Amino acid sequence: MPNDIRGLPAGQSDGLYRFLGGSPLAVAFRLILLSILVGVVLAAIGLDPWNILYSIRRLFQSLWDFGFDAINWAWRYFLLGAVIVIPIWLLSRLFGAPRGR
């Protein structure tokens with residue numbers, strides 16, 4: 001095929017475009033915007049770029065504490081509801097009409 005250009009060596013800029021996935025300026029702009037977005041998300045969960053290891057340890061500690069706080073929260077509401085629900089269920093079972101099979 002006379003119009004087949006696959007046999008020609010790629011130019012230097014073609015390799016750079018292929019490696020970066022587009023124009024270097026467009027790729028740099030997208031990376032800057034994505035870095036800002038990820039930075040906002042990481043700051044929202046409490047990570048600090050200057051002390052990243054301490055921030056990660058503090059994040060896992062907070063998640064651990066939050067997990068046990070959630071269990072404590074659920075347990076308290078379970079006990080509060082059970083004070084009402086269990087006696088009513090027990091009385092309905094004791095004094096309810098017997099059901100045949």
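This report describes the helices, buried residues, aromatic pairs and nonpolar surface of one predicted protein model.

## Overall architecture

In this predicted model, the protein has 3 helices and 0 strands, and the order of elements along the sequence is α-α-α. Two of these helices recur below, namely helix α2, which covers residues 24–44, and helix α3, which covers residues 52–95.

Of the 101 residues in the protein, 6% are buried. The accessible surface of the protein comes to about 9,700 Å², and carbon and sulfur atoms supply 71% of that area.

## Buried positions in helix α3

Ser55 is found in helix α3, and it counts as buried because its relative accessibility is 1%, where the cut-off for a buried residue is under 20%. The side chain of Ser55 reaches the backbone oxygen of Asn51 at a distance of 3.0 Å. When residues up to four places away in sequence are set aside, Ser55 touches Gly46, Leu47 and Asp48.

Leu59 also lies in helix α3, and with a relative accessibility of 19% it counts as buried, since the value is under 20%. Leaving out residues up to four places away in sequence, Leu59 touches Ile45 and Leu47. The C-alpha atom of Leu59 is separated by 6.8 Å from that of Gly46, a residue 13 positions apart from it along the chain. Leu47 therefore appears among the contacts of Ser55 as well as among those of Leu59.

## Aromatic pairs

The count of aromatic pairs comes to 3. One of them joins Trp73 and Tyr77, whose rings are edge-to-face, with 5.2 Å from centre to centre and 70° between the planes. A pair of aromatic rings is described by both the distance of the centres and the angle of the planes.

Trp73 and Tyr77 are 4 residues apart in helix α3, so about one helical turn separates them. Trp73 counts as exposed because its relative accessibility is 56%, and the exposed class begins over 50%.

## A nonpolar patch on the surface

Leu34, Leu37, Val38, Val41, Leu42 and Ile45 form a nonpolar patch on the surface, and together these residues have about 510 Å² of accessible area. Ile45, a member of this patch, is also one of the residues touched by the buried Leu59.

Leu34 lies in helix α2, and its relative accessible area is 49%. Leu34 is classed as partly exposed because that value falls between the limits of 20% and 50%.

Key. Residues are numbered from 1 along each chain as its sequence is written. This is a predicted model: local features need pLDDT of at least 70, side-chain atom pairs count only at pLDDT 80 or more; totals for chains, interfaces and linings use all residues. Side-chain values use heavy atoms; hydrogens and water are left out. Patches are made of residues with over 30% relative accessible area and no salt bridge: like charges are joined within 9 Å, nonpolar side chains (Val, Leu, Ile, Met, Phe, Trp, Tyr) within 5 Å. Accessible areas come from the Shrake-Rupley method with a 1.4 Å probe; for residues, only the protein chains shown count as cover. A salt bridge is a side-chain nitrogen of Lys or Arg within 4 Å of a carboxyl oxygen of Asp or Glu. Helices (H or I, at least four residues) and strands (E, at least two) are DSSP runs, numbered from the N terminus. Buried means under 20% relative accessible area, exposed over 50%, partly exposed in between (1.4 Å probe, protein chains only). Rings of Phe, Tyr and Trp (its six-membered ring) pair if their centres lie within 6.5 Å; planes under 30 degrees apart count as stacked, over 60 as edge-to-face and the rest as tilted. A polar contact is a pair of N or O atoms within 3.5 Å; within protein, one must be able to donate a hydrogen and the other to accept it, and residues adjacent in sequence count only if both atoms are side-chain atoms. Contact means heavy atoms within 4.5 Å.
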